[in-house]
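Visitor: I should like to understand how the terms applied to this structure are justified. Please take me through the reasoning.

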Amino acid sequence: MSLGGTTGVYARSYPALDRAVEVGFASGHVISVSFPETVPEDAERDHELLDRIDAYLAGEEESFTDVELGLTLPTDRREVLEATRNLPYGESASLSRLTRLAGRDDNDPDDLGFVREALSENPTPLLIPDHRVEGGPYTTPGSVRRTFREIEELR
């Protein structure tokens, strides 16, 4: 999804979440996603990505993998988040499996800890679907995570 030179903050309230989704853009790349209780007054409310989130919340299968991200994290942490991003819609993975998908040793406590740390720094939950990882940690709030898991029928 090409977002051109989109820059700024966009947000919309979603009754299905009982809160808003706020998306920050810089030069056409998503740099942050958060879930405030209300829409910030200075946020724009109309954006194609917010429309796609509407469709996702209505049950339409959506992976968001075509949305360009602007991750400002070290490469090794980005690799963990990219492995998370590549988890298909409707599929979950254990923390151990994600560790392997990120090219690390799931039998090494340091590698497992590293993956946990990278997940805890996820700047764009939903677009990097940490709700698909069993045993977190998560940057997606609990009630929002439960809704996402229900939509995707994850147990």
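Guide: We begin with a definition: a residue is buried under 20% relative accessible area, exposed over 50%, and partly exposed in between. Please note that this is a predicted model.

Visitor: What makes Glu91 partly exposed?

Guide: The relative accessible area of Glu91 is 28%. Partly exposed covers the range between under 20% and over 50%, so Glu91 is partly exposed.

Visitor: Why is the contact of Arg97 and Glu91 called a salt bridge?

Guide: The term requires a side-chain nitrogen of Lys or Arg within 4 Å of a carboxyl oxygen of Asp or Glu. For the side chains of Arg97 and Glu91, the N to O value is 3.0 Å; the pair therefore satisfies the cut-off of 4 Å. Arg97 also counts as partly exposed, at 28% relative accessibility.

Visitor: How do you know that Asp111 forms a salt bridge with Arg104, and which terms describe their accessibility?

Guide: Their closest N and O atoms are 3.2 Å apart, and the definition asks for within 4 Å, so the term applies. Asp111 has 14% relative accessibility and counts as buried, because the limit for that term is under 20%. Arg104, with a relative accessible area of 23%, is partly exposed.

Visitor: What is the N to O separation in the salt bridge of Arg12 with Asp51, and why is the pair said to tie parts together?

Guide: The closest N and O atoms of Arg12 and Asp51 are 2.9 Å apart. Arg12 belongs to strand β1 and Asp51 to helix α1, so the salt bridge ties together parts that are 39 residues apart in sequence. Arg12 is buried, at a relative accessible area of 15%, whereas Asp51 is partly exposed, at 39%. Both residues also belong to a network of salt bridges that includes Asp54. The search of the whole structure finds 10 salt bridges.

Visitor: Why is helix α1 called largely enclosed?

Guide: Helix α1 spans residues 48-57, and seven of its 10 residues are buried, so the rest of the structure largely encloses the helix. The buried residues are Leu49, Leu50, Arg52, Ile53, Ala55, Tyr56 and Leu57.

Visitor: What covers those buried residues of α1?

Guide: The cover includes β1 (8-14), β2 (19-26), β3 (29-34) and α5 (142-151).

Visitor: What phi does Gly59 take just after α1?

Guide: Gly59 takes a positive phi, of about 105 degrees.

Note on methods:
Residues are numbered from 1 along each chain as its sequence is written. This is a predicted model: local features need pLDDT of at least 70, side-chain atom pairs count only at pLDDT 80 or more; totals for chains, interfaces and linings use all residues. Side-chain values use heavy atoms; hydrogens and water are left out. Buried means under 20% relative accessible area, exposed over 50%, partly exposed in between (1.4 Å probe, protein chains only). Helices (H or I, at least four residues) and strands (E, at least two) are DSSP runs, numbered from the N terminus. Contact means heavy atoms within 4.5 Å.
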